[in-house]
Amino acid sequence: IGNLTAGGAGKTPVVRDLSRRLVEHGRQAHVISRGYGRDAGAAAGGAPLRVAAEGHDAGQVGDEPLMLARGGLPVWVSSDRPAAAQAAVAAGATALVLDDGHQDPSLAKTLSLVVVDGGLGFGNGFLVPAGPLREPIAAGLARADAVVLVGEDARGIARSVDRLAPGLPVLTCRVRPGPEIARLTERPILAFAGMAHPTKFFETLSQGGCQLAAQLAFADHHAYGASEIDDIKRRAAAMNATPVTTEKDLCRLSPEQAKGIEVLTIALEWDDEAALGRVLRPVVS
């Protein structure tokens, strides 16, 4: 499950959703990740590391792998994806879900899904550093079995896919807030997030009926200092607001920092379950 742009497409929620579907179909699904954002010292070890939901922190394994592990999924991190895959299989995996790596040929894929954010699309269409693309769009789509379009198609992605890769399925889904959204509407919110596109988090809260008293955006994978979190809590108290962040950001907070901070969970809602089932058939049948 990868993308063609540099970050922010929504891969990890798709990884979580589809991994759980594999489990429901009787597969022992393990997630393979490079653990982006973890400390250089931790990443330098090389040997595959199975993420412990309670025993590791984001500095050791990366925030997204830790989030997935806390959600009950077996997750492995390593810069050597084949070695991580071998370790997972040795531990009982019967399905491997690769979080990112569409551009990595070191593992043969049974099914390749390209995730695209409907609001951002492929940006200006240029490769890094002139634009957000990791590779030419046509080349990336040629290796895909389907596109997963997250959110409203504001950039005409479905038309672009049909033109560049005729017949390639486009699965559409949208992000829905978790049940705690009802409680979060009761007081003003101070929302903060360190992710590629924090405005998506703020919009999810607003569209869910929350009153945003303040919005604080940080860089993706931002490592919060103690003084920063103290300041956020002070600002929230001064506005009689509830500080709220994402599941991913929570993984970068210590237990002490996390006290008094609410978290918004999210889930994916697929527009066509039957179409999704057809795409997943090679890995669930």
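This report describes a four-stranded sheet, the helices lying across it and one largely enclosed helix in a predicted model.

## The sheet

Four strands make up an open sheet with mixed pairing, and their order across it is β2-β3-β1-β4. The edge positions are taken by β2 (49-50) and β4 (95-98), each of which has a single partner strand, so that one side of each is left without a neighbour in the sheet.

At the β2 edge, the partner is β3 (residues 75-77), which runs antiparallel to β2 and is joined to it by two bridges. Within this pairing, Arg50 has Trp76 of β3 as its bridge partner.

## Helices across the sheet

Two helices, α1 and α5, are described here in relation to the strands. Helix α1, which spans residues 11-24, lies across β1 (29-33) and the edge strand β4, and its direction makes an angle of about 155° with β1. Helix α5, formed by residues 81-90, lies across β1, β3 and β4, and runs at about 160° to β1.

## The enclosed helix α4

Helix α4 comprises residues 63-70, and because six of its eight residues are buried, the helix is largely enclosed by the rest of the structure. The buried positions are Asp63, Pro65, Leu66, Met67, Leu68 and Ala69.

These buried residues of α4 pack against elements that include two strands of the sheet, β1 and β3, as well as helix α1, and they also pack against α3 (58-61) and α11 (247-250). After α4 comes Gly72, which has a positive phi, near 95°.

Methods
Residues numbered from 1 in each chain as written. Predicted model: local features only at pLDDT ≥ 70, side-chain atom pairs only at ≥ 80, totals over all residues. Heavy atoms only, no water. Pairing = 2+ DSSP bridges. Contact = heavy atoms within 4.5 Å. Axes fitted to C-alpha atoms, helices over the stretch in contact; angles between N-to-C directions. Buried < 20%, exposed > 50% of the residue type's maximum accessible area, 1.4 Å probe, protein only.
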